[in-house]
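Good morning. Please look at the chain on the screen, and I will go through a few parts of it in turn.

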Amino acid sequence: MQTSFIISGSPHIHTADSVDRRMWNVVIALVPSAVVSLLFFGLPALLVLAVSIGACLLTEWVIASRVMHRTCTLGNGSALITGILLAFNLPSILPWWMVVIGAVVSIGIGKMSFGGLGCNIWNPALVGRVFLLLSFPAAMTTWPEMQNGIDGVTGATILASLKTSGHVVGSGVVDWTALGIGNMNGSMGEVGALAITIGLVWLLITRTITWHIPVSMLGSAALVSWLAGANPLLEIMTGGMLLGAVFMATDYVTSPMTHRGQLIYGVLIGVVTMIIRLWGAYPEGVSFAILLGNSATPLLNKYCTPRRFGARKKKKNKEERGAKS
């Protein structure tokens, strides 16, 4: 009786985890924020979300199957996540054709031009968002008032108000309950600190991400804002700080692999974000800071690698042999 042996390379540890599983965990974590966006922004937000997701999926399918002649990769959920995150970084009243342009840039340039999932240098959704911001600055900084998006009534975000006048719009008193549930002006995914926190808890419970990047990013941003005399809690709960820390800075492909590298990476993003917010021309700087952090990831991976097992002992033995000779 012949016995067949299967020979394969290491590692030989088998788990139920996979790329698809982790990607769909992220999709689940994004659901509370999507619900809050649709609740406060209404039908315009649904249109932006649907167009963004559809355009991202279609762009990836066309490039993968027709241009690169690869097997369809839509099942892993990465294109779906890009579509959701792109929509979350846009005003709910943005024209649909601008959303399509952002989706094509996100997938076509930010992801597939580098070879697809696992090869991209920058977060694809942020590539599309920054492209739209630089191309259509007026449309990208026009925000709808809560539950008035259909009527096109616009208002300033809290960060924009702080940048221009130095105080919060209206009475000047911060409504922390409104900030928590998402009743404020801004991009679709920026609102709802509580919803984003629920997503963070899910990602930590399922071990989809670790605490290193969100904590280091938010902690460094809070420290800089406190040293500058700003309100750390207000800076964290407004704008894209929470959304970026939980869902975009933690992207596997564009963030460091080691915990030490992730801590440095998070601090870099948090500090740069606050520098742009407090002293830069833009009221918000999360997107630019994360893209800068993505650019630094290869360097952090190189210099923050763990010490190889036995490396110190080998060096010590070499020094001992040199001393004896």
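Among contacts in the chain between residues at least 6 apart in sequence, what percentage join residues at least 24 apart? The figure is 76%. Bear in mind throughout that this is a predicted model. The chain has 15 helices and zero strands. Of its 325 residues, 49% are buried.

I start with a pair of helices. Helix 2 covers residues 43-67, and its axis comes within 8 Å of the axis of helix 4. The two axes cross at roughly 40°. An angle from 35 up to 65 degrees is classed as oblique, so helix 2 is oblique to helix 4. The crossing is right-handed. On the helix 2 side, the residues making the contact include Val 48, Ser 52, Ala 55, Cys 56 and Glu 60. On the helix 4 side, they include Trp 96, Val 100, Ala 103 and Ile 107. For the spacing along a helix, recall that an α-helix has 3.6 residues a turn, so residues three or four places apart point the same way.

Some of those residues come up again with Ala 79, which is found in helix 3. Is Ala 79 buried or exposed? Its relative accessible area is 1% and the cut-off for buried is under 20%, so Ala 79 is buried. Leaving aside neighbours within four places in sequence, Ala 79 is in contact with Cys 56, Leu 57, Glu 60, Leu 74, Ile 107 and Lys 111. Cys 56 and Glu 60 are among the helix 2 residues in the contact with helix 4, and Ile 107 is among those of helix 4. Ala 79 and Leu 117 are 38 residues apart in sequence, yet their C-alpha atoms are 9.0 Å apart in space.

Between helix 2 and helix 3 there is a loop, and His 69 is found in it. His 69 is not a glycine, but its phi is positive, at about 55°. With a relative accessible area of 64%, His 69 is exposed.

Next, the loop between helix 4 (96-109) and helix 5 (124-135), where Asn 123 lies. Asn 123 counts as buried because its relative accessibility is 4%. What does the side chain of Asn 123 reach at 3.4 Å? It reaches the backbone oxygen of Met 248. At the start of helix 5, a side-chain oxygen of Asn 123 also comes to within 3.1 Å of the backbone nitrogen of Ala 125. Setting aside neighbours within four places in sequence, the contacts of Asn 123 are Met 248, Asp 251, Thr 254, Leu 291 and Asn 294.

Helix 5 itself has twelve residues. From its first C-alpha to its last it reaches 17 Å, close to the 16 Å expected at 1.5 Å a residue. How many of its twelve residues are buried? Nine are, and helix 5 is mostly covered. Among the buried ones are Pro 124, Leu 126, Arg 129 and Leu 133. The cover over the buried residues of helix 5 includes helix 3, helix 4, helix 6, helix 12 and helix 14.

Now further along the chain. Arg 207 is found in the loop between helix 9 (193-205) and helix 10 (212-227). The phi of Arg 207 is near 60°, a positive value in a residue other than glycine. Arg 207 counts as exposed, because its relative accessibility is 67%.

Helix 10 comes after that loop. The 16 residues of helix 10 should span 22 Å at 1.5 Å a residue, and its end C-alpha atoms are 22 Å apart, so the two values agree. The buried residues of helix 10 include His 212, Pro 214, Met 217, Leu 218 and Val 224. Which helices do the buried residues of helix 10 pack against? They pack against helix 9, helix 11, helix 12, helix 13 and helix 14. Just after helix 10, Gly 229 takes a positive phi of about 85°.

My last residue is Thr 258, in the loop between helix 12 and helix 13. Thr 258 is buried, with a relative accessible area of 17%. Its side chain reaches the backbone oxygen of Cys 304 at 3.0 Å. Not counting residues up to four places away in sequence, Thr 258 touches Cys 304, Thr 305 and Pro 306.

That is where I stop.

Note on methods. Residues numbered from 1 in each chain as written. Predicted model: local features only at pLDDT ≥ 70, side-chain atom pairs only at ≥ 80, totals over all residues. Heavy atoms only, no water. Helix = DSSP H or I, 4+ residues; strand = E, 2+ residues; numbered from the N terminus. Buried < 20%, exposed > 50% of the residue type's maximum accessible area, 1.4 Å probe, protein only. Polar contact = N/O pair within 3.5 Å; in protein donor to acceptor, adjacent residues only side chain to side chain. Contact = heavy atoms within 4.5 Å. Expected span 1.5 Å × (residues − 1). Axes fitted to C-alpha atoms, helices over the stretch in contact; angles between N-to-C directions. Parallel < 35°, antiparallel > 145°, perpendicular 65-115°, else oblique. Left-handed = near helix turned anticlockwise from the far one by under 90°.
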